[in-house]
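Got your viewer open? Grab the mouse, and let's take a walk through this one, stop by stop.

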Amino acid sequence: TALACLQGLTSREKPRIWLHMSNRDPQWLDWHQEKGYIDGYDLVDNWRVLFDEFRDVYKGAIIPDPNLYRGGLLAANVAACEDLIIATPEIAQELNISVAVDLRGRFNSYSDGMTWVWDTYKSQLNHHLCDFIHPDRLSNGAFAYALQWKAVMFWIVGSVDSKEAGSDMSRETDLVAQIMSEMAPNVAVLGFPYAGEGVGPGEVNGVTLASRYAKPLVCTDSLANTCVMSGVRIAQLKQNRLPPPKLEKDKIYIALAMSDGDNQNTWMAFFKPYFESELYGKFPLAFGMGPPIMDLMPAVAQWYYEHAANDTEFLADVSGIGYIQPENYALSYKESQKVFDGFLQWTSSYLKKMDMATLRTVGGEDSILRHYVGQLPHLHSIFADMGRYSGREGISNLTYTLDNMSIFRAVTSWRYGKEGFLKIGRAHV
């Protein structure tokens, strides 16, 4: 946690520290060097020496309350604004860092502490970026980017972690809603609102809350080294895809698309073996990719584009520039349609940067999809219904055109109908 603070603070001037958090991290560091985005690097075995080398970027240590659930998150917000290193008293002494702020025993509840943070540091915290981050993830380095840009960091408890000391689910939800309402619309919320069954508000409830306040979710809850990777600037990526085939009416066509590419974490390790497999390129395949990758780690996106087969297409996951529920988007604003149009214009600019010609939406009836079509006329299609839980209720056609754009709808989802697909697969075998 202390080292991630140092990474975030040093990155405000320029990227300087790369953390080896997984066995894939050295590969991506070498890729950045291969492309000329960094000149080179030195390996540091004793990380403690970095606190001496970069002593000018921080003003002291902040001690979180170990007895208050999410006490570390309160400290992270203060550290971002006061240029501090989060540390235990023992670590601060070991690193010879004087204690500037001590939060031990200061607040009876997380809500009290977060209210104080917002009231005290509202003018210093970033009103164009926030972060849904579970307190355990302070140790994986992902919060360094939020600290670098002084993003508001918070967590709402769920049915399980509400039993932790100082928790109040209702009050915390209201407080986060208030914070989001006072921030600008059409800005990202990083992280992820789920950390296990009943831990946090959950994906659906978290995305619903963020959508209502026009905060698209960008999944970065375990993404280290964004402070470095986001320092790369690539103006345009170009896909090397084949032209579509001429369709024949007496044939059935099946399209395969890999999901969850809006999860920025997956591009560091999960998807790479697919592209390295000897079977890759044997058949057409689409990969969903979250457009914010163009800001967070553009060189990583560049690797995938350069190593993609010409029968691979990258499409935008999910619902646009970030993960939203279109039917709930910006409902807390009087001019909700104007805000939603702004979201679609934001989406359009990034899809053009990434040469993306289709996107996948969460749900979306025709009345909503018409707004997508109107704001994104350069697309060749929209793949609707990600998240449809069963059947084709309310759908007259699976494939049709809407204002001259092709719309593809799902029959089932990952949650239902799996047994039928397994039977079909066995029959073919």
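How much space lies in the largest cavity? About 30 Å³. Keep in mind as you look around that this is a predicted model.

**Stop 1: the cavity**

Select Ala142, Tyr145, Leu190, Thr220, Leu223, Thr226 and Leu296, and you have the lining of the largest cavity on screen. Colour those residues by class: 5 come up nonpolar and 2 polar, with no charged residues in the lining. How many cavities of 30 Å³ or more does the structure hold? The count is 1.

**Stop 2: the second largest pocket**

Now go to the second largest pocket, where you'll find about 850 Å³ of space. To get to the middle, select Arg16, Ile17, Trp18, Tyr41 and Asp42, which are the closest to the pocket's centre out of 32 lining residues. Next, show helix 1 (2-10), helix 2 (25-34) and helix 3 (49-53) as ribbons; each of these elements gives two or more residues to the lining of this pocket. What classes of residue would you see on the lining of the second largest pocket? There are 19 nonpolar, 8 polar and 5 charged residues.

**Stop 3: two helices that cross**

Keep helix 2 selected and add helix 13 (residues 298-307). The two helices pack with their axes 10 Å apart, at an angle of about 80 degrees. Because of that angle, helix 2 counts as roughly perpendicular to helix 13. Turn on side chains to see who meets whom: from helix 2 come Trp28, Trp31 and His32, and on the helix 13 side they meet Ala299, Val300, Gln302, Trp303, Tyr304, Glu306 and His307. By class, this contact has 6 nonpolar residues, 3 polar ones and 1 charged one.

**Stop 4: the sheet of four**

Time for some strands. A quick reminder: strands of a sheet pair through backbone hydrogen bonds, either parallel or antiparallel. Here, look for an open sheet of 4 strands in the order 5-4-6-7, with parallel pairing. Its edges are strand 5 (151-154) and strand 7 (217-218), and each of them pairs on one side only. Then find helix 6 (residues 110-121), which packs on the sheet and touches strand 4 and strand 5. The direction of helix 6 makes about 175 degrees with that of strand 5.

Zoom in on strand 4 (residues 126-132) and strand 6 (residues 188-191), which pair over 4 bridges in the parallel sense. Click leucine 129: which residue is its bridge partner in strand 6? That would be alanine 188.

**Stop 5: the sheet of three**

Another open sheet has 3 strands in the order 2-1-3, again with parallel pairing. Strand 2 (85-86) and strand 3 (99-102) are the edge strands, each pairing on one side only. Select strand 1 (residues 61-63) to see how it runs parallel to strand 2, joined to that strand by 2 bridges. Label isoleucine 62 and you'll find isoleucine 86 of strand 2 standing opposite.

**Stop 6: two backbone oddities**

Most residues other than glycine have a negative phi, and most peptide bonds are trans. With that in mind, select arginine 70, in the loop between strand 1 and helix 4 (71-82). Arginine 70 has a positive phi, near 80 degrees, and is a residue other than glycine.

For the last stop, where does valine 318 lie? Look in the loop between strand 10 (312-316) and helix 14 (336-353). Here, aspartate 317 and valine 318 are joined by a cis peptide bond, with omega about -15 degrees.

Methods. Residues are numbered from 1 along each chain as its sequence is written. This is a predicted model: local features need pLDDT of at least 70, side-chain atom pairs count only at pLDDT 80 or more; totals for chains, interfaces and linings use all residues. Side-chain values use heavy atoms; hydrogens and water are left out. Two strands pair if DSSP finds at least two bridges between them. Contact means heavy atoms within 4.5 Å. Axes are lines fitted to C-alpha atoms, for helices over the stretch in contact, and angles run from 0 to 180 degrees between N-to-C directions. On a 1 Å grid over the protein atoms alone, a cavity is a set of points where a 1.4 Å probe fits but cannot get out, and a pocket is an open set with protein on both sides within 12 Å along at least five of seven lines; lining residues have an atom within 4 Å of a point. Grid points are joined across faces, edges and corners, and a volume is the space filled by probe spheres set on the points. Ala, Val, Leu, Ile, Met, Phe, Trp, Tyr, Cys and Pro count as nonpolar, Asp, Glu, Lys and Arg as charged, and the others, Gly among them, as polar. Angles under 35 degrees count as roughly parallel, over 145 as roughly antiparallel, 65 to 115 as roughly perpendicular and the rest as oblique.
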